[in-house]
Amino acid sequence: MNRTSWILAAVTAAALLAGCSSASTSSASSQAASSSAGASSAAPLFPITLTAANGPVKITAKPGRIVSLSPTATEDLYAVGAGPQVVAVDDDSDYPATAPVTKLSGLTPNLEAIAKYNPALVIASQNSSGLVSGLGKLGVPVLIEPAAATLTDAYDQIVQVGQATGHAAQAVRLVATMKSQIAADVKQAGAAHHDLTYYWELSDNPYYSVTSSTFLGQIVSLFGLKNIADAADKASDGGYPQLSEEYIVTARPAIIFLADNQSADGGQSPAVVAARPGWSAIPAVKNKEIIALNDDIASRWGPRLPQLVAQIAQAVEKAPGS
């Protein structure tokens, strides 16, 4: 998903995330326990009924043909071992490189185009264009796995994807590994850097950021950093406020994280940011603490999250006074 689409989708959906994710979380947690027990006792994995954001979803047999309409879901599928079952992914699913990318859209799905792949399961991040009801009439189950509101949500979605595809045990192991990697990085860098402020840039001109209440904000909060966007947030922003350049310069963040540095997302490299008029006085610029993130990893909530946390940890460790 390109940066502009991601921002618009995030702002529009922000008010709905809490309700959607809570339903998925409680179900996945309980199902994870039962799946682990089932795997150890060689119990049959199907049929299975999972509770996703779109309600109960029954999957009668291990799906041999899966269509993913979400870049995060695509990463989840391959990470849990379901890659060989994937027959098509949406046009924004660029990882892994072996994924069968098509012209399918997760933002404006074409039901007829999806049906041509004869899927046994479709996974998407939102129920657009009557996706669930339309494919339901064709007997195709759809799992809606919305943008995660918390790390727990992200973990639970991975577990649920594993259960839905016949890879429950692999999914549980993957989540355990992710948790271990993230915990190690937080321990190494420290979790009490309350004296360090940061600015997370989603886009420039206008400058959109994230607050501590968002999924990304909560990840950075693992290290105790203070978010300069929190004071500017309004209820209507949904955790994604638009900041003025003057506000950012005045806030003097110690670290700047760029999630808009790839060419398709604005090309805002550390050099470009350092050359912005008035920004030379910002501590993050002075100390070269402008961190160019992998935009895709920073806009998804899948198995590569430990890489994002590791990059944040490295920035924290390098910051003066940390």
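Asparagine 205 sits out in the open: with a relative accessibility of 67%, this residue counts as exposed. In this predicted model, asparagine 205 belongs to the loop that runs between β7 (197-201) and β8 (207-208). Its backbone is a bit unusual too, since phi is near 50 degrees, a positive value in a residue other than glycine. Asparagine 118 tells a similar story elsewhere in the chain. Phi of asparagine 118 is also near 50 degrees, again positive without the residue being a glycine. The loop that holds asparagine 118 lies between α3 and β5, and at 55% relative accessibility asparagine 118 counts as exposed.

Glycines with positive phi turn up as well, and two of them come right at the end of helices. Glycine 81, found just after α2, has a positive phi of about 100 degrees. Glycine 166 comes just after α5, and its positive phi is about 90 degrees.

Loops also hold a couple of cis peptide bonds. One of them links phenylalanine 46 to proline 47, with omega at about 0 degrees. Proline 47 is placed in the loop between α1 (3-40) and β1 (48-52). Another cis bond links tyrosine 95 to proline 96, and here too omega is about 0 degrees. Proline 96 falls in the loop between β4 and α3 (111-115).

Stepping back to the whole chain, there are twelve helices and twelve strands. Of the 322 residues, 52% are buried. Contacts often bring together distant parts of the sequence: taking the ones between residues at least 6 apart, 62% join residues at least 24 apart.

Helix α5 gives a good look at the covered part of the structure. This helix spans residues 151-165, which is 15 residues, and from first C-alpha to last it reaches 22 Å, close to the 21 Å expected at 1.5 Å a residue. Most of α5 is covered, with 14 of its 15 residues buried.

What does α5 pack against? One partner is helix α6 (residues 168-189), with the two axes 7 Å apart and at an angle of about 155 degrees. Angles over 145 degrees count as roughly antiparallel, so that is how α5 runs relative to α6. The crossing of α5 past α6 is right-handed. On the α5 side, the contact is made by Leu151, Tyr155, Ile158, Val159, Gly162 and Gln163, while α6 brings in Ala168, Ala171, Leu174, Val175, Met178, Lys179 and Ile182. Sorted by type, the residues of this contact come out as ten nonpolar, two polar and one charged.

Helix α5 shows up again in the surroundings of helix α2. That helix covers residues 71-79, and seven of its nine residues are buried, so α2 is largely enclosed by the rest of the structure. The buried ones are Pro71, Thr72, Ala73, Thr74, Glu75, Asp76 and Leu77. Which elements do the covering? Among them are the strands β3 (66-68), β4 (86-89) and β5 (121-124), along with helix α5.

Two single residues give a closer view of buried positions. Valine 142 is part of strand β6 (residues 142-144). Is valine 142 buried or exposed? The cut-off for buried is under 20% relative accessible area, and valine 142 has a relative accessibility of 3%, so it counts as buried. Setting aside neighbours within four places in sequence, valine 142 is in contact with Asn54, Val57, Val122, Leu131, Val132 and Leu135. One of these, valine 132, is ten residues away along the chain, and the C-alpha atoms of the two valines are separated by 5.9 Å.

Alanine 298 is the other example, and its place is in helix α11 (residues 295-298). With a relative accessibility of 1%, alanine 298 counts as buried. Not counting residues up to four places away in sequence, alanine 298 touches Trp200, Leu216, Ala259, Leu293 and Leu308. Leucine 308 is ten residues from alanine 298 in sequence, and their C-alpha atoms are 6.6 Å apart in space.

How values were computed:
Residues numbered from 1 in each chain as written. Predicted model: local features only at pLDDT ≥ 70, side-chain atom pairs only at ≥ 80, totals over all residues. Heavy atoms only, no water. Helix = DSSP H or I, 4+ residues; strand = E, 2+ residues; numbered from the N terminus. Expected span 1.5 Å × (residues − 1). Buried < 20%, exposed > 50% of the residue type's maximum accessible area, 1.4 Å probe, protein only. Axes fitted to C-alpha atoms, helices over the stretch in contact; angles between N-to-C directions. Parallel < 35°, antiparallel > 145°, perpendicular 65-115°, else oblique. Left-handed = near helix turned anticlockwise from the far one by under 90°. Contact = heavy atoms within 4.5 Å. Nonpolar A, V, L, I, M, F, W, Y, C, P; charged D, E, K, R; others polar.
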